[in-house]
Amino acid sequence: MDKPKLWTKDFINITTISFFIFLAFYILLTALPLQLTKEFRGGADQAGLLLTLFLIAAIIIRPFAGKWVSVGSQKKILIYSAAAFFIPTLFYPFVTNIRTLFILRIIHGITFGVITTVKGTISAEIIPDSRRGEGMSWFSLAMGLAMVIGPVIGLNLANIGAYNTAYIICIVISVLNIFLSMVIHVPEQGKQEKVSKTSKRFDLNDLIDKKAAPFALVVFILACAYSGIASFLALYAQEINLVKAASTFFILYAGLMFVFRPFTGVWADRYGANKIVYPCIILFAIGMVILSLPQTAVIMILAGAIIGIGYGSVTPILQTQVISSVEKHRFGIANSLFFNSMDLGMAIGAFVLGIAAKSFGYSSVFICGIVLIVAGGFAYFALTGRRKNEDRHVVEEYN
């Protein structure tokens, strides 16, 4: 029997939208802290707060977005949220102080929370069930590539003071997202099921699904660890005169992630997620250990390669586990939980690690990251082991 088709026009469109969203996100994530510290005379803790405020805003709105996506028109929500995401990008070139920048980041974070929820839900419905691990790996690869290409663009433009050029790029790609959201076809099957099974009254079940929560907790812990790299590697590299090595770090991260992620998705579908998750977490930890060592260009680049394979591959598998653990009419809520876990991890991690960086130096950020990754590995082991025991008890009671 032939496999159901994965690479449809709509799958390509939603994947491209995801790439552009996160490309803008990571360009701003890298360029804004440098502008804040250089031109606005802010500190490392304020640089971390840039990400924290943005993601807290996204986290607050996302449960409501998950509810809207479950009962409303996904295409309309996609179009409106793409337009809303575009509007704040217009104002970055005109910001002149830290307070205004913080307010703009909160507004932009709200729009980010909605659009990431709806585009993730649409992708889950477009991807055939039998190819979900593979499809989510390719889909999230767009986010992963943006996670690497964005910082390279932001870092290099900020390094020469071309902040407005970085912001104009974000404006242009946000316009392209509006166009792509208008031409995509969103499947409407199961709409009556979603409406009837989703309560009109908002409750805690719209925020946290018990079946998906164990995987979401692991996502949260690993995201805390990665936030140290996303928020502070550029500043650390600038301090020790390894800016070019930091750019190569992200390029190599992208290259190896691009090579390995499609294979790990297929392997997870074929052999089970656990056999892929554990090696990825171990590689992530090894890369963070290398990054915590006294740095040379070679050491920093090597860390980027290993982290690209480890963290770059594990995220879509965990997202697949979050989505696959719930009923189809709750995909929107599951995606909300996944992205909230990741963003909350990034937000809390950036804030706490920013304090550590200010007090103990940037190397302490990566030492804390090692501890977090190990904790994430133990959490995955404990929670998935408990899940297996619960499933076994259900089978025994049924028999």
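The bend at a residue is the angle between two helix axes, one fitted to the seven residues ending there and the other to the seven starting there. Keep that in mind for the second stop. What you have open is a predicted model.

**Whole chain**

Start with a cartoon view of everything. You should count 13 helices and zero strands, so far as the DSSP runs go. Read from the N terminus, the order is α-α-α-α-α-α-α-α-α-α-α-α-α. Now colour by burial: of the chain's 399 residues, 59% count as buried. Switch to contacts, and among those between residues at least 6 apart in sequence, 87% join residues at least 24 apart.

**Helix α8**

Select residues 213-239, which make up α8. Where does α8 bend? Centre on Phe232: the angle there is about 55°. Next, put a distance between the end C-alpha atoms of α8; they lie 39 Å apart, and because 27 residues at 1.5 Å a residue should span 39 Å, the two agree. Turn on the surroundings too: 22 of the 27 residues of α8 are buried, so the helix is largely enclosed by the rest of the structure.

Step just past the end of α8 and pick Asn241, whose phi is positive, at about 60°. This is a residue other than glycine with a positive phi. Asn241 belongs to the loop between α8 and α9 (243-271). Is Asn241 buried or exposed? Its relative accessibility is 68%, so it counts as exposed, the cut-off being over 50%.

**Into the core**

Go back into α8 and show side chains. The largest nonpolar core has 138 residues, and the members touching the most others are Tyr226, Ile229, Phe249, Leu291 and Tyr311. Pick Ile229 and show what surrounds it. Leaving out residues up to four places away in sequence, Ile229 touches Phe249, Phe250, Met288, Leu291, Ile307 and Phe366. For background, nonpolar side chains tend to be buried together in soluble globular proteins.

**Helix α4**

Now select residues 98-126, helix α4. Its 29 residues should span 42 Å at 1.5 Å a residue, and the end C-alpha atoms are 41 Å apart, which agrees. How many of the residues of α4 are buried? The count is 23 of the 29, so α4 is largely enclosed by the rest of the structure. Zoom in on the start of α4, where Asn97 brings a side-chain oxygen to within 3.3 Å of the backbone nitrogen of Arg99.

**Ser18 and Lys119**

Select Ser18, which sits in helix α1 (residues 9-38). Ser18 has a relative accessible area of 0%, so it is buried. Which side chain does the side chain of Ser18 make a polar contact with? Show Lys119: the two side chains are paired at 2.9 Å. Add Phe139 and Met143 to the selection, and you have the contacts of Ser18, Lys119 included, once neighbours within four places in sequence are set aside.

**Last stop: the salt bridge**

The structure holds one salt bridge. To see it, select Lys9 and Asp10, whose closest N and O atoms are 3.7 Å apart. Colour this pair by accessibility before you leave. Lys9 is exposed, with a relative accessible area of 54%, whereas Asp10 counts as buried at 14%.

How values were computed:
Residues are numbered from 1 along each chain as its sequence is written. This is a predicted model: local features need pLDDT of at least 70, side-chain atom pairs count only at pLDDT 80 or more; totals for chains, interfaces and linings use all residues. Side-chain values use heavy atoms; hydrogens and water are left out. Helices (H or I, at least four residues) and strands (E, at least two) are DSSP runs, numbered from the N terminus. The expected span of a helix is 1.5 Å times one less than its number of residues. Buried means under 20% relative accessible area, exposed over 50%, partly exposed in between (1.4 Å probe, protein chains only). A polar contact is a pair of N or O atoms within 3.5 Å; within protein, one must be able to donate a hydrogen and the other to accept it, and residues adjacent in sequence count only if both atoms are side-chain atoms. Contact means heavy atoms within 4.5 Å. A salt bridge is a side-chain nitrogen of Lys or Arg within 4 Å of a carboxyl oxygen of Asp or Glu. A nonpolar core is a set of buried Ala, Val, Leu, Ile, Met, Phe, Trp, Tyr and Cys residues joined through side-chain atoms within 4.5 Å.
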